[in-house]
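Please open the model in your viewer and keep the selection tool at hand. The tour goes from one selection to the next and says what is there at each stop.

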Amino acid sequence: MKKVSVKEFIWYAACGIIVVFGIICMVFGIIGYHMPGGANNFVKTFEAKIPLDLKIDNRIKFKNGDMLVCDENGVFKKISKDELRSKLTELGFESADGLASTCLYVNGSGLLDTKLYKDGYFSVQGDASQLSIDILDPKPGQTMIDMCAAPGGKSCAAAEKMKNEGKIYAFDFHEHRVKLIEKEANRLGLTIIDAKAGDSTKLLDIKSDIALCDVPCSGLGTLRRNPELKLKDLDLSNLTDIQYQILKNASTYAQERIVYSTCTINPDENKKQIERFLKENSSWELKDEKRLLPTSNGPDGFYIALLIKK
């Protein structure tokens with residue numbers, strides 16, 4: 001190995017610092033341009049105490065053969081956002097409304113040790129992730145494909161909206177992550193989710209009414225929760241190829257609607273992917289598009305596009 005002199009070492013270190021500083025300035029410049037409140041608001045997202053995003057579970061739950069959370073007539077109850085907030089307040093938790101219809105932002109420790117969680121009254125799921133299911137709007141009796149399903153939150157949210165009627169094929173590349181989907185579905189008593197290990201970049205012989213493509217991404221919208229991403233070396237070229245192939249495959253399965261979503265603010269993974277898809281697939285059109293930027297009192301950075309078959 002070549003020895004480096006002190007002068008050379010200082011030179012290399014200085015160059016490295018300049019490059020890193022330049023990248024940071026570029027990121028802040030982009031954020032400052034697009035985000036309401038500018039870069040100062042972006043910085044506050046890292047200084048603020050991060051709440052836990054909850055999804056209120058209006059679901060069917062079985063335990064030891066007995067139905068839980070049902071009234072005297074055997075009809076399943078739905079816990080409202082206000083009812084859950086009241087119960088959480090009694091336990092000492094602070095909460096506020098999220099963007100999605102089923103979301104609460106909650107501050108406090110020990111939330112997952114509560115009986116409310118263990119009895120399936122709520123799940124932990126990002127506000128923007130819940131919003132993507134609201135936009136996909138699955139209906140009872142439909143067939144849905146979740147292309148990248150683990151750990152299962154979105155599949156379960158869809159199954160709840162479908163009133164546990166229909167079929168959801170939930171795929172994930174890793175076998176051990178399929179077990180996470182099954183575990184969450186079991187906790188919530190959801191029986192229509194068929195979790196499978198599979199590579200969503202490979203074409204399958206399957207059809208569905210709707211599809212969800214929550215594709216692998218750079219995760220730049222979640223830096224406040226995952227600061228280690230700043231140190232991760234990402235191959236964005238390979239990543240965007242994977243994303244596009246998953247979306248393309250989903251379009252051969254779905255007969256009605258597709259939601260494409262990421263937890264990044266990088267337009268190459270978001271808007272540009274949709275623009276390319278629509279250019280190459282004239283039988284689909286963009287119905288809705290949402291770009292969420294991270295704020296101190298709101299959701300993570302996220303992108304959601306709703307595609308409708310003509």
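Which residue follows helix 6, and is its phi positive or negative? Select K163, which comes after helix 6 and has a positive phi near 55 degrees. This is a predicted model, in which local features need pLDDT of at least 70 and side-chain atom pairs count only at pLDDT 80 or more, while totals for chains, interfaces and linings use all residues. Residues are numbered from 1 along each chain as its sequence is written, and side-chain values use heavy atoms, with hydrogens and water left out.

Helices (H or I, at least four residues) and strands (E, at least two) are DSSP runs, numbered from the N terminus. Stay in the loop between helix 6 and strand 8, where K163 is placed, and add N164, which lies in that loop and has a positive phi near 60 degrees. Most residues other than glycine have a negative phi, and most peptide bonds are trans. Buried means under 20% relative accessible area, exposed over 50%, and partly exposed in between (1.4 Å probe, protein chains only). K163 counts as exposed because its relative accessibility is 52%, whereas N164, at 14%, counts as buried.

Next select helix 6 itself, residues 153-161, of which 7 of 9 are buried; these are K154, S155, C156, A157, A158, A159 and E160. In the loop between strand 7 (143-146) and helix 6 you will find P151, and the peptide bond leading to P151 from A150 is cis, with omega near 5 degrees.

Now display the largest nonpolar core, a set of 34 residues in which M144, I168, I181, L190, I193 and V259 have the most contacts. A nonpolar core here is a set of buried Ala, Val, Leu, Ile, Met, Phe, Trp, Tyr and Cys residues joined through side-chain atoms within 4.5 Å. Helix 5 gives the most to the core of 34 residues, with 5 residues. Another core, of 22 residues, lies apart from it and includes I145, I246, L247 and I274.

Finally, select helix 8 (residues 236-253) with helix 9 (residues 271-280), whose axes come within 11 Å and cross at roughly 45 degrees. Axes are lines fitted to C-alpha atoms, for helices over the stretch in contact, and angles run from 0 to 180 degrees between N-to-C directions. Angles under 35 degrees count as roughly parallel, over 145 as roughly antiparallel, 65 to 115 as roughly perpendicular and the rest as oblique; helix 8 and helix 9 are therefore oblique to each other.
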